[in-house]
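Trainee: I've got a model open and I'd like to talk it through with you. Where should we start?

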Amino acid sequence: MKEFFETYTQHQEDIEYFLQESLKNIGNLSIHKKNDFKQLYKIFPSLELVYIIDKETKIQTSNNFYRYKVDESAKNKDRSHLISKLHFKESNMAFSKPYISSATKSTCVTVTIKEGDEIFFLDFQIDVLLQKLNLIELNKPFHSVTKGFYILAGFSMMILALATILFSLYDFILYIFSKHDIALEMIFKPIIALTLSIAIFDLAKTILEQEVFFKSYSKNSRVETKLLTKFLTTIIIALSIEALIVVFKIAINDYDKMINAFYLIAGIALILISLTVFIYFSSKKYKQSSDSQN
């Protein structure tokens, strides 16, 4: 939703020009009252609501005309608060800022047109409008399929993360109450399992946030960088704990194989250096992008 507002703001001048010229070309809006503005809905796929207000009394004189229904409850309501926010241009046309409609619950922008003693209000759905102008890529059937897949995958990963935590705790408690001696390795194993569970849960949470609950229709490199950084950091912590266990085991049982522990620690250090370089260049690129926009 925030992305729609940002995209609209970036291209506001072009969008307003498109709507202004399109509405001018269809002529007077009053001729469409007799058929409940059905012809307008055929012309504008992004149009979602039309209503009329008297210019003098500021009272709504018409019903709310939606694409597939008519709401009579809005008629005769005082709309002076809407009129006070309008700034009409020379063409007797005004544009609102993007907002969330209380009537349709969608993001929209309102175009207001004066015709005689009447003021026409036309609400355009922003996401459909942006798609029409090729400013975003939105395919609703495909989006529904991918959204269902991400819901299944995301919640499955959360369940597996919870199962990993429960199993590691169960295994640890079972080991404590057994007759075996307590080993250092059995203390670190649940920690590794818990750390990996956090990484899996964070990945699932990010997938659900970005692809389900707050769907993003364009690539956001900053979000992807944050996700990758967070996931790799958790993996590095888990590997570091495992390396520590390996060092202890080799030092106690087989000192000649200490080189293997060195290889593991060197590999972790290489991952850490690579992640540091990646964060540095990503931050530099994002900073340059922000400076260019400003």
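Mentor: Let's start with the nonpolar packing, keeping in mind that this is a predicted model. The largest nonpolar core has 27 residues.

Trainee: Which residues have the most contacts inside that core?

Mentor: Look among the 27 residues of the largest nonpolar core. The ones with the most contacts inside it are L23, F37, L40, L47, V111, L122 and F124.

Trainee: And which elements give two or more residues to this core?

Mentor: Both helices and strands turn up here. The helices are α1 (2–10), α2 (12–25), α3 (38–43) and α5 (126–132). The strands on the list are β1, β4 (93–95), β6 and β7.

Trainee: Take L23, then. Which residues is L23 in contact with, leaving aside its neighbours within four places in sequence?

Mentor: L23 is one of the residues with the most contacts inside the core. Beyond those sequence neighbours, its contacts are F44, M93, V111, I113, L122 and F124.

Trainee: What does the second, separate core include?

Mentor: That one is made up of nine residues. Among them are L49, Y51, I83 and L86.

Trainee: Back to β7. Why is β7 largely enclosed by the rest of the structure?

Mentor: Strand β7 covers residues 118–125, which makes eight residues to check. It counts as largely enclosed because the number of them that are buried is seven.

Trainee: How many bridges does β7 share with β1, and how many with β6?

Mentor: Both pairings are antiparallel. On one side, β1 (residues 47–54) includes D54, whose bridge partner in β7 is E118. On the other, β6 (residues 107–115) includes V109, which has F124 as its bridge partner. The count is seven bridges with β1 and eight with β6.

Trainee: Which residue in the turn between β6 and β7 has a positive phi?

Mentor: These two strands form a hairpin with two residues between them. Just before the turn, E115 stands opposite E118 in β7. The positive phi, about 65 degrees, belongs to G116.

Trainee: What about β6 itself: which strands besides β7 pair with it?

Mentor: One partner is joined to β6 by three antiparallel bridges, and there A94 stands opposite T112. Another, at residues 99–100, pairs in the antiparallel sense over two bridges, with Y99 opposite C108. Those partners are β4 and β5.

Trainee: Which residue takes a positive phi in the hairpin of β5 and β6?

Mentor: This hairpin has six residues between the strands. The phi value is near 65 degrees, and the residue is K105.

Trainee: Is T110 buried or exposed?

Mentor: T110 sits in strand β6, where eight of the nine residues are buried. The cut-off for buried is under 20% relative accessible area. T110 comes in at 6% relative accessibility, so it counts as buried.

Trainee: Which side chain makes a polar contact with the side chain of T110?

Mentor: Setting aside neighbours within four places in sequence, T110 is in contact with A94, F95, S96, Y99, F121, L122 and D123. The side-chain polar contact is at 2.5 Å, and the partner is Y99.

Trainee: Now for the rest of the chain. Which residues does the UniProt annotation "transmembrane region" cover?

Mentor: That label comes from an unreviewed UniProt entry. In the model, the chain over residues 149–175 is 100% helix, with the end C-alpha atoms 38 Å apart. Over residues 187–208 it is 100% helix too, with the ends 33 Å apart. In full, the annotation covers 149–175, 187–208, 228–252 and 258–281.

Trainee: What separates the C-alpha atoms of L244 and F188?

Mentor: L244 is in helix α8 (residues 221–253), and at 36% relative accessibility it counts as partly exposed. L244 and F188 are 56 residues apart along the chain. Their C-alpha atoms are separated by 9.2 Å.

Trainee: Last one, on the whole chain. What share of its residues count as buried?

Mentor: The chain has nine helices and seven strands. It exposes about 18,800 Å², with carbon and sulfur atoms supplying 61% of that. Of its 294 residues, the buried share is 34%.

Methods:
Residues are numbered from 1 along each chain as its sequence is written. This is a predicted model: local features need pLDDT of at least 70, side-chain atom pairs count only at pLDDT 80 or more; totals for chains, interfaces and linings use all residues. Side-chain values use heavy atoms; hydrogens and water are left out. Buried means under 20% relative accessible area, exposed over 50%, partly exposed in between (1.4 Å probe, protein chains only). Helices (H or I, at least four residues) and strands (E, at least two) are DSSP runs, numbered from the N terminus. Two strands pair if DSSP finds at least two bridges between them. A nonpolar core is a set of buried Ala, Val, Leu, Ile, Met, Phe, Trp, Tyr and Cys residues joined through side-chain atoms within 4.5 Å. Contact means heavy atoms within 4.5 Å. Accessible areas come from the Shrake-Rupley method with a 1.4 Å probe; for residues, only the protein chains shown count as cover. UniProt positions are given in the numbering used here, feature names are shortened, and annotations may be inferred rather than shown by experiment. A polar contact is a pair of N or O atoms within 3.5 Å; within protein, one must be able to donate a hydrogen and the other to accept it, and residues adjacent in sequence count only if both atoms are side-chain atoms.
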